[in-house]
Amino acid sequence: MILLTDVILMLFMVATAIALVFVRNLFAVIMLSGIFSLTASLLYLLMDAVDVAFTEAAVGAGIATVLGLATLGIIGVQDEKPQQRSSLGSFVVVLITGIVLIQAANDMPAFGDPDAPIHRHVAPRYIEQSGEEVGVPNIVTSVLASYRGFDTMGEVMVVFTAACGVLVLMGRTRKPDDYPEEDYREDIDPREGSSDFVPKDDDESVRS
Amino acid sequence: MFAAATAALLVVMGCALLRALLGPTVYDRILAMNSFGTLTVLMIAVLGFLSGRPEFLDIALVYALINFIGTIAVCKYVMFTDLGSPTRGPEWDDI
């Protein structure tokens, strides 16, 4: 039953991906990519990767949908014009990359294989010797902060860079003069220093 | 029993997906995505019981919250065609 569920969910993903390529309405594309992420997170959950499924649902279905809608609101375009030029070159590149990836996946140990290298020598060492080697009672902490310290530092830098990029792109509130005149309500004139119009987002976005 | 529930959920998910693919209007697609998210929550719960690990229920709750936030954003976009602060009035400022 689980296997059948896997197969049907993957078929859903294939159908969604094909539709994503061909649908021209950008709003529909955002909705479909949210559905794609939800299906992917279900698959991750079925493979017992609960943390990955969490991230996929929060980032893929939650944040990416909201960011896509915000972008759609800024650019104000609902339909993408179909491009006339041939995409044969891109197709060949994608095909070759896919073949290489499938080739590489054949060399990996089978899913849930107890004889996989990670279960044979890395994990026992963490369990047996991390106490005296690192001195932290929590094994997960010692793996994250000591054995994989450089990896964690890289991840933190990636997250920090992403946060800076998002702040630079979206955290800036527009100056009142950027708005066209008809956007103002009659009863609020920003140039008179009305307290309703003071952009408060600046401080808040930096703090959060 | 749970296998039958899983099969029924898969069929309904297929229907929601079909509506998201075909849906002529915006509202069809919003409803399809929202119900697909709800079905995902149900699916996680049923799969937890099917594989004998009902602790997946907590995860289903988090999914329900994410789905809610996404739907709020979509509704705000459809109403204002923007997510920032499109209206300068105090009463609508940041929903």
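**Exercise 1. Describe the overall make-up of chain A, beginning with its surface.**

Solution. The accessible surface of chain A comes to about 14,600 Å², and 64% of that area belongs to carbon and sulfur atoms. These values, like those that follow, are computed from a predicted model. Turning to secondary structure, chain A has eight helices and zero strands, so that, read from the N terminus on, its elements run α-α-α-α-α-α-α-α. Of the 208 residues in chain A, 24% are buried. As for contacts within chain A between residues at least 6 apart in sequence, 44% join residues at least 24 apart.

**Exercise 2. Decide whether A:D6 is buried or exposed, and find what A:D6 touches.**

Solution. First locate the residue: A:D6 sits in helix α1 of chain A, which covers residues 2–22. Next compare its relative accessibility, 18%, with the cut-off for burial, which is under 20%; A:D6 therefore counts as buried. Finally, leaving aside residues up to four places away in sequence, A:D6 touches A:L43 and A:L46.

**Exercise 3. Check the span of helix α3 of chain A, then follow its bend, its buried residues and the residue just after it.**

Solution. Begin with the length: helix α3 of chain A holds 26 residues, 50–75, and because each residue is taken to add 1.5 Å, the expected span is 38 Å. The C-alpha atoms at its ends are 36 Å apart, which agrees with that expectation. Along the way α3(A) has a kink of about 30°, centred on A:A64. Among the buried residues of α3(A) are A:G60, A:A61 and A:G62, as well as A:T65 and A:G68. The buried residues of this helix pack against α2 (26–46) and α7 (149–170) of chain A, and also against α2 (26–50) and α3 (57–80) of chain B. Just after α3(A) comes A:G76, with a positive phi of about 65°.

**Exercise 4. Find where helix α5 of chain A bends, and by how much.**

Solution. Helix α5 of chain A spans residues 117–133, and its bend of about 45° falls at A:I127. Just after α5(A), A:G135 takes a positive phi of about 95°.

**Exercise 5. Identify the nonpolar surface patch that includes A:V92, and classify the exposure of A:V92.**

Solution. The patch on the surface is formed by A:L88, A:F91, A:V92, A:L95, A:I96, A:I99 and A:V100, which together have about 680 Å² of accessible area. A:V92 itself lies in helix α4 of chain A, residues 88–107. To see how such residues can share a side, recall that an α-helix has 3.6 residues a turn, so residues three or four places apart point the same way. With a relative accessible area of 40%, A:V92 is partly exposed, a class that lies between the cut-offs of 20% and 50%.

**Exercise 6. Place B:L39 in its helix, and work out its surroundings.**

Solution. B:L39 belongs to helix α2 of chain B. The 25 residues of α2(B), at 1.5 Å a residue, should span 36 Å, and the end C-alpha atoms are 35 Å apart, which agrees. B:L39 counts as buried because its relative accessibility is 11%. Its C-alpha atom is separated by 6.6 Å from that of B:M13, although B:L39 and B:M13 are 26 residues apart along the chain. Not counting residues up to four places away in sequence, B:L39 touches B:L9, B:V12, B:M13 and B:A16. After α2(B) follows B:G52, with a positive phi near 75°.

Note on methods: Residues are numbered from 1 along each chain as its sequence is written. Chains are lettered from A and ligands numbered from 1 in the order in which they are written. This is a predicted model: local features need pLDDT of at least 70, side-chain atom pairs count only at pLDDT 80 or more; totals for chains, interfaces and linings use all residues. Side-chain values use heavy atoms; hydrogens and water are left out. Patches are made of residues with over 30% relative accessible area and no salt bridge: like charges are joined within 9 Å, nonpolar side chains (Val, Leu, Ile, Met, Phe, Trp, Tyr) within 5 Å. Accessible areas come from the Shrake-Rupley method with a 1.4 Å probe; for residues, only the protein chains shown count as cover. A salt bridge is a side-chain nitrogen of Lys or Arg within 4 Å of a carboxyl oxygen of Asp or Glu. Helices (H or I, at least four residues) and strands (E, at least two) are DSSP runs, numbered from the N terminus. Buried means under 20% relative accessible area, exposed over 50%, partly exposed in between (1.4 Å probe, protein chains only). The expected span of a helix is 1.5 Å times one less than its number of residues. The bend at a residue is the angle between axes fitted to the seven residues ending there and the seven starting there. Contact means heavy atoms within 4.5 Å.
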